[in-house]
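Hi,

Here is the structure I promised to pass on to you. Have a look at it first, and then read my notes below.

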Amino acid sequence: MLSLHVAQPPRPPHQPPRIGLAIAGGGPVGAMYELGALRALEEACDGLDLTRLDCYVGVSSGAFLAAGLVNGINTAELCRIFITGDSEEIHFRPETFLRPALGEYRRRLARLPRLGMRLLRDIWSGRSDSRWSDVLNRLGSVVPTGLFDNDAVERFLREIFTRNGRSNDFRTLPRPLYVIGVDLDSGETIRFGDAGWEDVPLSRAVQASAALPGLYPPVTLRDRQGQVHHVVDGALRRTMHASMVLDRDIDLMLGINPLVPFNPGTDSSEAALAHRFSDRRIAEGGLPGVLSQTLRTMLQSRMQVGLARYPQQYPGIDQLVFEPNAGDRELFYTNIFSFSARRRIAQLAYRNTLTDLRQQQARLTPVLARHGIRLREEVIADRPRSIVAHLPPPRRTTATTAKLHRALDDLEHRLRRQHMV
């Protein structure tokens, strides 16, 4: 589903045009959906290089992708890393993201003896605050704040961003990147990469932005004044934080949000009709289905508020936001933290995005043309097109050849942009 706002009135774009990218969160499945959509955009849009945009913002799982793109890892290589697993350089293991947080378990359990003694003393003395509700409340302090260890996530990212000419430092990135987190103690937004937070390593910022409460422990960071902050998932405040790129005087904003509420009534296929009756009873699937639909509804509600406000706030900027279809049953019924379905979900996003581009081609063509982008007819018309089948062959790289390829690609990009002026 594509939301399109055409600049009113269209202003002359910068020469060359300035393009920003905003990527929301959504767990591992959301990240695979976003990757599929990004791959479709890069294949279908001649003149669009997602590794050389003018500004990026990433939230939660979207921060993984934004950090990779700004570091020159293109969508084809990201697909080889996270979908096919045949990257020559980076070997991704899903279990890296699902290791039990044993350190957090130990720290919490260490509190149990002292807490138990205090409760026994209060009960023995007959204090009125030792009712069962109070006992349960106190016991909550020994429950871990996260099931899985996200330190391994940070180490994985640090290894990627500190070799082959990449950067793990916001200050030395070739283009502005903002990674969004939320201070758990104050509820305030933290914008890594912005003034005051640009010295936090990129890998650490992504780790914090993706620390979904209950699944990963908050990430402890100190600001320049030495104050301690416990940072969690950036989606707690806003879904996509697109204003971070819209505020940077761009001409075109691309946005991707992978989570929308499931609505089986919007799908008229035979398979949908066969399941329609059971689909309307989400509660019968138990707590996971209820929580998933609740989370999607909350995030989508905030997205709609933002999308309705942005055209008034930024009337001179063309805005394209890609989301799943509400009737995408496969996306809803896939475990939001599953890795096994990543190829299937990426293909769904790839197909949805190409369909959106094809169906709105008449409206999109003049809008994209203002920014030096042309839709590739042979790509958007290829309906059975596969995300995996059309990946280019990997190229072997060393640290030296990676820098050489990057320099040559930069030179080619500059020549193209100068030709547009």
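Of the 421 residues in the chain, 53% count as buried. Keep in mind as you read that this is a predicted model. The chain has 16 helices and 11 strands. If you take the contacts with a separation of 6 or more, 78% of them are between residues 24 or more positions apart. The accessible surface adds up to about 20,000 Å², and carbon and sulfur atoms own 55% of that.

Let's start with helix α1, which runs over residues 27-44. How far apart should its ends be? At 1.5 Å a residue, its 18 residues should span 26 Å, and the end C-alpha atoms are indeed 26 Å apart, so the two agree. This helix is mostly covered, too: 18 of its 18 residues are buried.

Now for the salt bridges. A search of the whole structure turns up 16 of them. One joins E43 to R385, with the closest N and O atoms 2.6 Å apart. E43 sits in helix α1 and R385 in the loop between α15 (377-380) and α16 (399-420), so this pair ties together parts that are 342 residues apart in sequence. Are these two buried or exposed? Both E43 and R385 are buried. They also belong to a network of salt bridges that links R39, E42, E43, D382 and R385.

Another pair to find on your screen is D318 and R370, whose side chains meet in a salt bridge at 2.7 Å, N to O. This one links distant parts of the chain as well: D318 is in strand β10, R370 is in the loop between α14 and β11, and they are 52 residues apart. D318 has a relative accessible area of 1%, so it is buried, whereas R370, at 25%, is partly exposed.

R163 and E159 form a salt bridge too, at 3.2 Å from N to O. Why does R163 count as partly exposed? Because its relative accessibility is 26%, and the band for that label lies between 20% and 50%. E159 gets the label of partly exposed as well, with a relative accessibility of 45%.

Next, go to helix α14, residues 361-369. Which of its residues are buried? They are L364, V367 and L368. Look down the axis of α14 and you'll see these buried residues fall within an arc of 90°, so they line one face of the helix. What do they pack against? The buried residues of α14 have β1 (2-5), β9 (252-256), β10 (318-322), α13 (342-359) and β11 (374-375) as their packing partners.

Over on the surface, L287, V290 and L291 make up a nonpolar patch, and together they have about 270 Å² of accessible area. V290 lies in helix α11, which covers residues 287-313. With a relative accessible area of 34%, V290 is partly exposed.

One last spot: D169, in the loop between α7 (151-161) and β5 (177-183). D169 counts as partly exposed, at 24% relative accessibility. Try finding V200 from there: the two are 31 residues apart along the chain, and their C-alpha atoms are separated by 7.4 Å.

Cheers

Technical notes
Residues numbered from 1 in each chain as written. Predicted model: local features only at pLDDT ≥ 70, side-chain atom pairs only at ≥ 80, totals over all residues. Heavy atoms only, no water. Helix = DSSP H or I, 4+ residues; strand = E, 2+ residues; numbered from the N terminus. Expected span 1.5 Å × (residues − 1). Buried < 20%, exposed > 50% of the residue type's maximum accessible area, 1.4 Å probe, protein only. Arc of directions from axis to C-beta. Contact = heavy atoms within 4.5 Å. Patch = residues over 30% accessible without salt bridge, like charges linked within 9 Å, V, L, I, M, F, W, Y side chains within 5 Å. Areas by Shrake-Rupley, 256 points an atom, 1.4 Å probe, with all protein chains shown as cover. Salt bridge = Lys/Arg side-chain N within 4 Å of Asp/Glu carboxyl O.
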